[in-house]
Every structure is written in C-alpha cells, then in structure tokens.
Amino acid sequence: MRVARPGEPGYDAATAVFSLAAIPEPAAAAVVRTVEEVRQAIRFARREGLPVRVHTTGHSAPAARPMREALLLRTEMTGTVEIDSDRRVARVPAGTRWGAVVKAAAEHGLSVAHGSSPTVGVVGYLLGGGLSFYGRHVGLAANSVRAVELVTADGELRRADADLLWALRGGGGGFGVVTAVEVGLFPVAQVVTGAACWPARHAPELLRAWRAWTLDAPDEATTTVRILNLPDLPDVPPMLSAGPVLCVDGAVLAGTDDDVPTALAQADDLLGPLRDIAEPVLDTWQTTAPAGLLDTHMDPSDPVEVIGDHLLLDELGDAGIEALLKVIGAGSGSPLIAAGLRQLGGAYGRPDPSGGALNALNARYAYSGGGVPGLSGTREQIIGRLPVVRAALAPWDTGRTAPTFVERFDQPQGHLDAATVTAVDAVRARVDPDGLFRDDIMPGATHRTASS
Ligand SMILES: Cc1cc2nc3c(=O)[nH]c(=O)nc-3n(C[C@H](O)[C@H](O)[C@H](O)COP(=O)(O)OP(=O)(O)OC[C@H]3O[C@@H](n4cnc5c(N)ncnc54)[C@H](O)[C@@H]3O)c2cc1C
C-alpha cells in the first residue's frame, strides 16, 4: 500500500471518481486491498493528523463533504463474491460493484436489491439505504444487510455487533472502513423489465396515467418515469435523441417460473393503457433473466459530470404532475438530461423492525433530475434550473431525502429524525471517540461538528 500525495504515482487512481461534478483533492490518498493495508493507512492518518475519508467508486462524490486536509482511501478489497445459497446470503468484499453480485447470485436462481447500474459500488449503496427496482417488494436495500466487517478508528477489524449494524445501515457514515458485507438474497426466476418511450408531447396524459396506476400497483412492480433530453451521440438510439421523450422503465419480478404469467399481466396493467395513449417510439419491455435488469435504466457506463438535485415527495395528484411538467416537460426549455420520479410505496414505506437507522422511506416518489454540461445545456442553465424545479415541487416536498440519491453536499438533505441522530451518534462515539471519520458523515446525520 502506498499513500500518495498530489502529483505522486497512485494519487489519481485513488482519487478517481465516477461522478465528475466534484473531483476530490485530499492531502493524501491510497488504494487499500487488505485489512492490514487499512490499518497502515489509519496509522498514517493519525501520524499526520489527517481525518480519514472512504470511497469505492465515487458515484456519490459530489454528495461528499469537500475534502482537502484528509486521507482518502479507495477500498478495493481482494477476494470474490461468495454465495451461500442455503442461507441466501452473499459475502461481498468492499470495492465490488453490483454487476458482480448480480452475476454470482443468478447462478443460484437468486437476486439481490441492487441498484440500476452494474458499476455502482455495493458498500456505499447499501450504507446509504439503496433503492432498487425490487424495492417495493423487498424494501430499502440496507434492510437486507446481514453483517458488516469494518476496521474502526482503533485499527481493529470488527464484525459489527447489533448496535453498530443498526447504525451502519442508513446512519449516515463515519463509523470506519468497511471491508466486507453480507447481504441477503431472494429468489427471482425472471423479470419483466424494459423501457418504453414516447415523444414528450404525450407526457401529460402518460404521466397522469402512470400516477393513477401507482396508487394501487402491486408490490412486485417498481418503476420510474423520466423526461429524457438525450444528445445525438453514437450510443443513443436516434429515436431518443430526436427530441425530448418520456420513458417509463422498471421491473416486475417473478419469484418462480410459475409467477411469470402474473408478472406479465401486472406489467400489462401498467403498459397497456400507456400504449393506448400513443405508440411508443421505443419499447424494450420483455421477460428476461435477472441480469437483464442492469440494462433497463440506460445508465451511463463511463464517468460523467452530472449536476442534479433530489427530493422525496408526497402524493402529487394531477396538480403536482402538471407543476412538474411545466419545469421539465416539452416546451419547458429544461436543460436536464434526465428528470423524473421513482415510484416508492410498497415495502419501501414499511419500516423493517430488524432493519437499520434508515429502514423505510415515508414518501410516495423520489424526484431526481440532472444535466450534463455541454450535452443537455450549459452549466449555468443546468444550475439555474435546479431551484426552479425545487420551487415548482415545494408543495409536495417532504423535506427529507434518500441518501443515495443526494446529488450535492450543499443541497438541503436529511433522512433521520433527531432522536435517531442522537442514537447513531452514541454508536459513533463508541467506535470513533476522537472523530477520525467525522468528515465522512452526511449532513443532518450527526450532532457533532465536522473538522473541515
Ligand atoms: C449511474 C448511477 C446509477 C445509480 N443508481 C442508483 C440506484 O438505482 N439506486 C440507488 O439507491 N442509488 C443509485 N445511485 C447512487 C449510488 O447508489 C450512490 O452514489 C452510492 O453512494 C454509490 O456507492 P459507491 O460506494 O459506489 O459510491 P462512493 O461515492 O464511492 O461512496 C459513497 C459513500 O459511501 C461510503 N463508502 C463507500 N465505500 C465505503 C467503505 N468501504 N467503507 C465505508 N464507507 C464507504 C462513503 O461515505 C462514501 O462517501 C446511482 C448512481 C449512479 C452514478
């Protein structure tokens, strides 16, 4: 393990991030691959008087507290994903991306509450709650975490006890360097999944119909609806770059092969009425093996600069839909490359008594929207649109956020009530009494003050 200073070999590899809207510039950085390397790094940080920060892929880099006087560790722990099919648990070394877990679990007819993109890191996603396309069926992904191994500020490798495991799951970070997690799996034989897209001029009718369907949709189905303003690029299908489109994507899961006809009928309950409104310009909904779900959301596969925002929303009603479309829909001049709603409810809304500090989302929809400077608008146009959308949605804003969806550190955010923050802080005080990891805590998730 080599700790690198800016300009030294290894610094760029340790600080590289997927979300290019905030590139970290810590005083020192290292890639850690073993528990002993994590310990060495912690000793280095203590000698130098630097707080320790941790990341895996940097998918959340802009949501992290800006760092200068810090040692940043990228976890790339050695080892592979191990599946215990009897217990339906995967053991996952920190550094692993979801694509590897989905692939390993599928060999056993199992899947996991993974994110939409194969490149998202397992650890950051799980610690931040994690919203999957199975979420209305299984709840927040953090609830499925069975065990966490981490190196704490004293250099000890611990398997989290009950209190620490509770705090780690959605508590807002700052407990140590996670080296491995065990996450629960569940049977998925097939998924009905895909994306259907229409010219955005049909958005008012389509979005109203989608919202009406969400009111009593089955828990097996989890979907998103987005307005996409995609540029004319080689990997963008031409029918999607011809003008703004509204896309409905997501999944309906079939636990067994016998459940496939029901899943198809459930998907048809959503898509049939939408297809009757207008013919989609693209419609990829089909029945696939679980790994097919990783392609559904059309996420970027390479690092990209997205400037975005996120809110958790109450039921919008037709008035809310209209307000949203006024600022992101056809003719709105929106410079956002993608903006829309993820369907919550179902198991997302049911607190899991054996879950962690964040074990449910009390909201109907997660709004997220963002632009890519130079592709969907200028930086100024994109930055200028974010408060416009916020203002339009203010009547439905719960004031809370889902940690993994937060786009920027300085935007309003918070996901825990004051009593939970106090309880989480008590756990932090036990495992990190002098606050070595305090700058890794999300805003609103501690009563402590940061060092920088
Ligand atoms: C293309 C794309 C698709 C996405 N899809 C979804 C989705 O479907 N659902 C969803 O909920 N989110 C989604 N996200 C958001 C994603 O879940 C978050 O960005 C999440 O934080 C990523 O985890 P990471 O470890 O890869 O990120 P990082 O930015 O590397 O880490 C985020 C935070 O996690 C903590 N952390 C990471 N590794 C460790 C470790 N080893 N020890 C201790 N703490 C650690 C740190 O606090 C760090 O700041 C998506 C993001 C992108 C860019």
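**Exercise 1. Determine how helix α7 (residues 203-214) and helix α9 (residues 260-277) are arranged relative to each other.**

Solution. In this predicted model, the axes of α7 and α9 come within 9 Å and cross at roughly 160°. Angles over 145 degrees count as roughly antiparallel. The crossing angle therefore makes α7 roughly antiparallel to α9. As to handedness, α7 passes α9 in a right-handed crossing. The residues that form the contact are Glu 205, Leu 206, Ala 209, Trp 210 and Trp 213 on the α7 side, and Gln 266, Asp 269, Leu 270, Leu 274 and Ile 277 on the α9 side. Sorted by class, the contact of α7 with α9 has 7 nonpolar, 1 polar and 2 charged residues.

**Exercise 2. Describe the packing of α7 against helix α10 (residues 317-328).**

Solution. The axes of α7 and α10 are 10 Å apart, and the helices pack at an angle of about 140°. The limit for roughly antiparallel is over 145 degrees, and the roughly perpendicular range runs from 65 to 115. The angle therefore makes α7 oblique to α10. The crossing of α7 past α10 is right-handed. From α7, the contact draws on Ala 203, Pro 204, Leu 207, Arg 208 and Arg 211; from α10, it draws on Gly 317, Asp 318, Ile 321 and Leu 325. The contact of α7 with α10 comprises 5 nonpolar, 1 polar and 3 charged residues.

**Exercise 3. Characterise the pairing of α10 with helix α11 (residues 379-393).**

Solution. These two helices pack at an angle of about 165°, with their axes 9 Å apart. This angle makes α10 roughly antiparallel to α11. The handedness follows as the next step: α10 passes α11 in a right-handed crossing. On the α10 side, Gly 320, Ala 323, Leu 324, Val 327 and Ile 328 take part, and they meet Arg 385, Val 388, Val 389, Ala 392 and Leu 393 in α11. The class count for the contact of α10 with α11 is 8 nonpolar, 1 polar and 1 charged residues.

**Exercise 4. Work out the strand order and edges of the open sheet of 3 strands, and identify the helix that packs on the sheet.**

Solution. The strands are arranged in the order β1-β3-β2, and their pairing is parallel. The edge strands are β1 (28-32) and β2 (52-55), each of which pairs on one side only. From one strand to the next, the twist averages 25°. Within the sheet, β2 and strand β3 (residues 71-75) pair in the parallel sense over 4 bridges. His 55 stands opposite Arg 74 in β3. Helix α2 (residues 35-48) packs on this sheet and touches β1, β2 and β3; the direction of α2 makes about 165° with that of β1.

**Exercise 5. Analyse the open sheet of 5 strands in the same steps.**

Solution. The order of the strands is β4-β5-β9-β7-β8, with antiparallel pairing. β4 (82-84) and β8 (157-159) stand at the edges with a single partner strand each, so one side of each is left without a neighbour in the sheet. Neighbouring strands are turned by 15° against each other on average, direction ignored. Inside the sheet, strand β7 (residues 145-151) and strand β9 (residues 177-184) pair in the antiparallel sense over 6 bridges. One position can be located precisely: Leu 150 stands opposite Val 178 in β9. On this sheet, α2 packs by touching β7, β8 and β9, and its direction makes about 50° with that of β7.

**Exercise 6. State how the protein chain is divided into domains, and describe the relation between domain 2 and domain 3.**

Solution. The chain is divided into domain 1 (11-75), domain 2 (82-186) and domain 3 (188-405). The C-alpha centres of domain 2 and domain 3 lie 24 Å apart. Across the boundary, 34 residues of domain 2 are in contact with 43 residues of domain 3.

Note on methods. Residues are numbered from 1 along each chain as its sequence is written. This is a predicted model: local features need pLDDT of at least 70, side-chain atom pairs count only at pLDDT 80 or more; totals for chains, interfaces and linings use all residues. Side-chain values use heavy atoms; hydrogens and water are left out. Axes are lines fitted to C-alpha atoms, for helices over the stretch in contact, and angles run from 0 to 180 degrees between N-to-C directions. Angles under 35 degrees count as roughly parallel, over 145 as roughly antiparallel, 65 to 115 as roughly perpendicular and the rest as oblique. A crossing is left-handed if the near helix is turned anticlockwise from the far one by less than a right angle, and right-handed if clockwise. Contact means heavy atoms within 4.5 Å. Ala, Val, Leu, Ile, Met, Phe, Trp, Tyr, Cys and Pro count as nonpolar, Asp, Glu, Lys and Arg as charged, and the others, Gly among them, as polar. Two strands pair if DSSP finds at least two bridges between them. Domain bounds come from an automatic or database domain assignment.
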